[in-house]
Amino acid sequence: MITNGVVDSVELMHMANTILLTPDDAPDYVALRREMLQDAPWAFLASEAQDRGCDVEKVRVSLQRTDAAIVGIRDDGKLVASAGVVREEALKRRHIAMIWGVYVTPAARGRGCARAVVSRAIELARSWAGIGSIHLAVNANAPEAKRLYESLGFREWGLEPDAVRIDGRSFAEHHMHLPLTGV
Ligand SMILES: CC(C)(COP(=O)(O)OP(=O)(O)OC[C@H]1O[C@@H](n2cnc3c(N)ncnc32)[C@H](O)[C@@H]1OP(=O)(O)O)[C@@H](O)C(=O)NCCC(=O)NCCS
């Protein structure tokens, strides 16, 4: 359980296998990113043709930032799970971190990988001075992901109807946040 962004020992155990990706991991991340956009297109706002996460050089540069990171898990050397976390850039929103790009390759699901990468991303955001809350959006077509976020302390604050359309099919998105500190 994570209470006000403070991680307990169970979550710490899950986080043990996680790594923070470095610029050298950019090609492997791009491969996983392409996979997620093909495997679960409704889960992500990005499309492969427009996505910065599918461009090795752009990913390499972003992995050098101090206010953004991608948490991963490798299994037998292969990158199988990821969660991105980034601090908002607008001066009036510097107190907010966003979690994005949560994905686990199908063969690695059901073993706590998503819980581990998201817990580590929360920990990282907590370590950034002045972060007051962490936000994310989850597709209404991914109730298992929503359950994970709720179990980590995220609460829904709004439902965006018709947030994503793919081939004429419309999907809503739940907007969730995890408050870390009061104002
Ligand atoms: C959602 C996803 C990330 C879960 O990955 P995972 O590694 O299998 O998840 P974990 O094993 O860490 O499970 C963590 C929690 O998620 C929930 N969960 C995960 N899979 C579930 C399932 N099939 N049914 C019900 N709940 C599930 C449970 O609450 C679980 O908690 P528990 O372990 O205490 O039961 C993965 O299925 C995935 O990548 N899906 C496609 C992309 C996607 O939907 N991403 C989310 C974008 S917001």
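**Exercise 1. Pairing of S5 with its neighbours**

Determine in which sense, parallel or antiparallel, S5 and S6 pair, and over how many bridges.

*Solution.* S5 and S6 pair in the antiparallel sense, over 6 bridges. Two strands are taken to pair if DSSP finds at least two bridges between them. Helices (H or I, at least four residues) and strands (E, at least two) are DSSP runs, numbered from the N terminus. The structure is a predicted model, in which local features need pLDDT of at least 70 and side-chain atom pairs count only at pLDDT 80 or more, while totals for chains, interfaces and linings use all residues. Residue numbers start from 1 along each chain as its sequence is written.

Two residue pairs fix the register of S5 against S6. Arg-87 stands opposite Ala-97 in S6, and the bridge partner of Ala-81 in S6 is Val-104.

The next step concerns S4. Strand S4 (residues 68-75) pairs with S5 over 8 bridges, also in the antiparallel sense. Asp-75 stands opposite Lys-78 in S5. S4 and S5 form a hairpin with 2 residues between them, and Asp-76 in the turn has a positive phi of about 55°.

**Exercise 2. The order of the sheet**

State in which order the 7 strands of the open sheet are arranged, and which strands stand at the edges.

*Solution.* The order is S3-S4-S5-S6-S7-S9-S8, and the pairing is mixed. Strand S3 (19-20) and strand S8 (155-166) are the edge strands; each has a single partner strand, so one side of each is left without a neighbour in the sheet.

The mixed character can be followed pair by pair. S6 and S7 run parallel and are joined by 3 bridges, with Met-98 opposite His-135 in S7. S8 and strand S9 (residues 169-179), by contrast, run antiparallel and are joined by 8 bridges. The bridge partner of Glu-156 in S9 is Met-176.

H4 can then be placed on the sheet: the helix touches S4, S5, S6, strand S7 (133-139) and S9, and its direction makes about 30° with that of S5. Such angles run from 0 to 180 degrees between N-to-C directions, with axes fitted as lines to C-alpha atoms, for helices over the stretch in contact. Helix H2 (residues 26-39) lies across S4, S5 and S6, and runs at about 90° to S5.

**Exercise 3. Two strand residues compared**

Decide whether Val-85 is buried or exposed, then carry out the assignment for Glu-160.

*Solution.* A residue is buried if 20 or more other C-beta atoms lie within 10 Å of its own, exposed if 12 or fewer, and partly exposed in between, with C-beta atoms placed from the backbone. Val-85 lies in strand S5. Because it has 27 C-beta neighbours inside 10 Å, Val-85 counts as buried. Its strand is mostly covered: 7 of the 10 residues of S5 (residues 78-87) are buried.

Contacts (C-beta atoms, placed from the backbone, within 7 Å) come next. Not counting residues up to four places away in sequence, Val-85 touches Ala-68, Ala-69, Ala-97, Ile-99, Ala-121, Leu-124 and Ala-125. The C-alpha atoms of Val-85 and Leu-136, 51 residues apart along the chain, are separated by 9.6 Å.

Glu-160 is found in strand S8. With 13 other C-beta atoms within 10 Å, Glu-160 is partly exposed. Leaving aside neighbours within four places in sequence, Glu-160 is in contact with Ala-172, Glu-173 and His-175.

**Exercise 4. The shell around the ligand**

Find how many residues surround the ligand, and which are the closest.

*Solution.* The shell holds 19 residues, the closest being Arg-109, Ala-114, Arg-115, Glu-144 and Leu-148. A residue is near a molecule if its C-beta atom, placed from the backbone, lies within 6 Å of it. Strand S6 (96-104), helix H4 (113-127) and helix H5 (143-151) are the elements that give two or more residues. H5 supplies the largest share, 5 residues.

By class, the shell has 11 nonpolar, 3 polar and 5 charged residues. Here Ala, Val, Leu, Ile, Met, Phe, Trp, Tyr, Cys and Pro count as nonpolar, Asp, Glu, Lys and Arg as charged, and the others, Gly among them, as polar.

**Exercise 5. The whole chain**

State how many helices and strands the protein has, and what share of its residues is buried.

*Solution.* There are 5 helices and 9 strands. Buried residues make up 34% of the 183 residues. Of the contacts with a separation of 6 or more, 62% join residues 24 or more positions apart.

Note on methods
Two residues are in contact if their C-beta atoms, placed from the backbone, lie within 7 Å.
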